[in-house]
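Reader: I have the sequence and the model open on my bench screen. Walk me through a few local features, please.

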Amino acid sequence: MELAFLKPLDRPGPWASVHLDTSRNTEDAAKQYELRVRSVGATLAEQGCDARTRGAVLDRLAAEPVSGAPPGRALFATAGQVVLDVPLVVAPPLAEVCWAPLPRTTPLLSWRGDEPPCLVAYIDHSGADLERRDGHRREPTGHAEGAAWQGRGHRSIPADRYEWHYRNKVQNQWSRTAEIIAGELAERFPRCDARMLVLVGEPGERAAVRERLPEPLRNVTVEVENGTRAPGASNPQLDEEIERARAEFARRRLSAVLDVFHAGRGRPGEHGVFGPGSSPGMAADGVPAVVDAVRRHQVGTLLLRADGPDLRRQVWIGPEPEQIGVQRSELRSMGVREPITVGADDALMRCAAATDAEALLVPAELPGPSGGIGAALRWSLTPVAA
């Protein structure tokens, strides 16, 4: 999961963090939701949340629409203001309510969904319609139109010796249109914060556009069936196919990161002698190693396993994200006069967001960090010969 959306939370707390089921799919949904919201307010009050911040959270929850809402919602509020409101694709089984020095962001890895945002191109011979998908949201992002050939639609294909010339012009026109579509996709893809590109249309049209894409974009492109560019066309089968493609992309991404992590972790000592908290290669395993890596801005992907015992291990932090340590003395040496302790997972999520890293949740059935916290690194430390 890319963490750039968490950057608004890089400000002083304390923070009210609420992860709540907002679904209304039962007969007594309105009453149950009212009870859940009331419980949120009572819990925040018990934990010491100030009245203004508590009121801002309850007002936002009270304004939740009855229909068309996502299954869940995460709210982060401080100083009487809801700073971040995140729709969740999975409803939390139990409300999680917290008043703490840092926002409680780790549950987002479970409930926001790790399927990447994608740019979808609905292609036909005249151009393409573009759409960005992220979770339950769909947003049109523009069009790519080819230059229409003046002869198209004005006469039938001749059966004489000029037929080949006609067909050749049609093919050349389509080639130019495919180039226009590919160029538009290459330009828009980085601007719309997508991680994968989905091509929808006839097989030949998809293939023609794909082969004209720049290689880096082609490597994150998938093609799906059952779609059309026709206006107003709604296709549940296409929606399911796109969601499967997004889920498969996320699985491959996690597998690739875990391969880097396991290869970089290696066997202790096999790459030489390292400093305290460092790892032998492109990996950091355990709280001390990951804390050391985030201070160096080394972490590319933070790896967390929900059942790991290290997630709630306490670390020391200061006001700035890079002010983090496993010992209080480390913060004092950084000039932090009053360090505080917080859970390692949320402290490291704050660091990862501040350094443009990503975070991935490792399922319990997959081998991951031994204590539940690890990282794949952007670069490794140079080993010191023994």
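Reader: Which elements cover the buried residues of α8?
Author: This is a predicted model, where local features need pLDDT of at least 70, side-chain atom pairs count only at pLDDT 80 or more, and totals for chains, interfaces and linings use all residues. Numbering starts from 1 along each chain as its sequence is written, and side-chain values use heavy atoms, with hydrogens and water left out. Helices (H or I, at least four residues) and strands (E, at least two) are DSSP runs, numbered from the N terminus. By contact (heavy atoms within 4.5 Å), the cover includes β10, β11, β12, β13, α10 and β16.

Reader: How many of the 9 residues of α8 are buried?
Author: Buried means under 20% relative accessible area, exposed over 50%, partly exposed in between (1.4 Å probe, protein chains only). Val287, Ala289, Val290, Val291, Asp292, Ala293 and Val294 are buried. The helix is largely enclosed by the rest of the structure, because the buried count is 7.

Reader: What is the relative accessible area of Pro288?
Author: Pro288 lies in helix α8. Its C-alpha atom is 9.4 Å from that of Val315, and the two residues are 27 apart along the chain. Pro288 is partly exposed, at 38%.

Reader: Which residue with a positive phi follows α8?
Author: Most residues other than glycine have a negative phi. Here a non-glycine residue has a positive phi of about 60 degrees. Its place is the loop between α8 and β11, and at 43% relative accessibility it counts as partly exposed. The residue after α8 is His297.

Reader: What is the phi of Ala79?
Author: Ala79 is in the loop between β2 and β3. At 45% relative accessibility, Ala79 is partly exposed. Ala79 is not a glycine, yet its phi is positive, about 50 degrees.

Reader: Which two residues does a cis peptide bond join?
Author: Most peptide bonds are trans. In this cis bond, omega is about 10 degrees. The proline involved, Pro14, is in the segment before β1. The bond joins Gly13 and Pro14.

Reader: Why do the buried residues of α5 line one face of the helix?
Author: Helix α5 spans residues 203-210, and its buried residues are Glu205, Arg206, Ala208 and Val209. The arc is taken from the directions from the helix axis to the C-beta atoms. Seen down the axis, the buried residues line one face because they fall within an arc of 165 degrees.

Reader: Which residues does Thr105 touch, leaving out those up to four places away in sequence?
Author: Thr105 is in the loop between β4 and α3. At 5% relative accessibility, Thr105 is buried. Its C-alpha atom is 8.5 Å from that of Leu6, although the two residues are 99 apart along the chain. Thr105 touches Leu6, Leu9, Phe76, Asp346 and Met349.

Reader: How far is the nearest cysteine sulfur from that of Cys118?
Author: A disulfide is a pair of cysteine sulfur atoms within 2.5 Å, and the count is 0. Cys118 is buried, at 0% relative accessibility. Cys118 is in no disulfide; the nearest cysteine sulfur belongs to Cys192, at 8.9 Å.

Reader: Over which ring does the charged end of Arg112 sit?
Author: A charge sits over a ring if NZ of Lys or CZ of Arg is within 6 Å of the ring centre and within 35 degrees of the ring normal. The charged end of Arg112 is 4.0 Å from the centre of the ring of Phe5.
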